Every structure is written in structure tokens, then in C-alpha cells.
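Hi everyone, thanks for coming. Today I'd like to walk you through one protein model, a few residues at a time. Please have a look at it with me.

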Amino acid sequence: WVATQRSDRTGIDRNELPQGALVNHACEADAQALINISRKRLCNCASKETREAWQQVKDAIREIDPILADKMVPECLYRGFCPEFMSPCGYSKTNKYQEDLLKYRNTNYEVERSN
């Protein structure tokens with residue numbers, strides 16, 4: 001849920017609030033929704049502010065469920081290729097991408113926990 005600046009809902013004259021004013025945002029999501037949202041919000045084509053905000057969500061999830069957090073990745077890692085054919089960021093062409101792709105595809109969590 002995102003807070004509104006509509007004066008008919010808040011009782012505050014909208015002209016007194018700047019258009020860029022911060023608003024509260026709250027939501028409920030299951031594991032699949034967190035994965036789906038991450039595919040778009042962690043993509044380098046998303047705005048810097050969006051990526052940073054969603055990374056904070058991912059970091060909070062990691063404290064509760066590190067395996068789920070590992071599966072909260074941008075679309076290119078989820079798919080194994082970058083679908084942004086019009087304006088790709090170039091991440092999928094890097095060594096870091098290859099490392100992250102291997103980590104994402106990992107299913108041997110017992111080894112990872114013992115390190």
C-alpha cells in the first residue's frame with residue numbers, strides 16, 4: 001500500500017505537499033512474489049533508488065531466510081541471459097555475472113553453510 005497525497009483522502013491541501021515528498025509504502029508478499037519483484041527491481045535498468053530500496057528488502061529477508069534471499073535476483077540471472085535487448089546494461093557480459101549465475105544455480109546449501 002502506498003500513501004496518497006490526495007486531499008480528499010488525507011484532508012491536507014495537496015498544494016501544501018511537494019510532488020516529490022516521500023510517502024509511506026507497505027506491502028505483503030509471499031516467497032514467489034519476492035522473487036518476481038526482485039527480477040525487475042534488482043535489474044540494473046531499474047532506477048538506482050529502486051535497486052537500493054529493494055536491496056534493503058532483500059537484506060532483511062536474508063536475516064530470516066538466506067536461501068530465499070539468494071533466489072531474489074535480477075531477471076538476467078533468473079533467465080540465464082539478459083532479456084533487455086533494446087538497452088542492456090552489460091552486466092551479463094561480465095565475469096561477475098558468471099560467478100553470480102553459478103551461485104544462483106547452486107542447490108548444495110549444506111556445503112555453503114559449513115564454510
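The mean pLDDT of this protein is 87, and 93% of its residues reach 70 or more; pLDDT is the predictor's confidence in each residue, on a scale from 0 to 100. Confidence is highest in H2, with a mean of 97, and lowest in H7, with a mean of 58. Those labels come from DSSP: helices are runs of H or I with at least four residues, strands are runs of E with at least two, and both are numbered from the N terminus.

Some ground rules. This is a predicted model, where local features need pLDDT of at least 70 and side-chain atom pairs count only at pLDDT 80 or more, while totals for chains, interfaces and linings use all residues. Residues are numbered from 1 along each chain as its sequence is written, and side-chain values use heavy atoms, leaving out hydrogens and water.

Now let's look at a helix pair. How do the axes of H2 and H3 cross? Helix H2 covers residues 31-41 and helix H3 covers residues 48-64; their axes come within 10 Å and cross at roughly 150 degrees. Axes here are lines fitted to C-alpha atoms, for helices over the stretch in contact, with angles from 0 to 180 degrees between N-to-C directions. H2 and H3 are therefore roughly antiparallel, since angles over 145 degrees count that way (under 35 is roughly parallel, 65 to 115 roughly perpendicular, and the rest oblique).

Who makes the contact, meaning heavy atoms within 4.5 Å? From H2 come Leu34, Ile37, Ser38 and Arg41, and from H3 come Thr50, Arg51, Trp54, Val57 and Ile61.

Let's zoom in on Ser38 in helix H2. Is Ser38 buried or exposed? Ser38 is buried, at 0% relative accessibility; buried means under 20% relative accessible area, exposed means over 50%, and partly exposed is in between, using a 1.4 Å probe and protein chains only. Leaving out residues up to four places away in sequence, Ser38 touches Cys43, Trp54, Met72, Val73 and Pro74. Ser38 and Trp54 sit 16 residues apart in sequence, with 7.3 Å between their C-alpha atoms.

Over in helix H3 we find Val57, which is partly exposed at 29% relative accessibility. Val57 and Cys76 are 19 residues apart along the chain, and their C-alpha atoms are separated by 19 Å.

Next stop, helix H6, home of Asp100. Asp100 counts as buried, at 19% relative accessibility. Not counting neighbours within four places in sequence, Asp100 is in contact with Leu77 and Tyr91.

Finally, where is Asn108? Asn108 lies in the loop between helix H6 (95-105) and helix H7 (109-114), and is partly exposed, with a relative accessible area of 40%. From Asn108 to Ala53, 55 residues apart in sequence, the C-alpha to C-alpha distance is 29 Å.

Terms used: Contact means heavy atoms within 4.5 Å.
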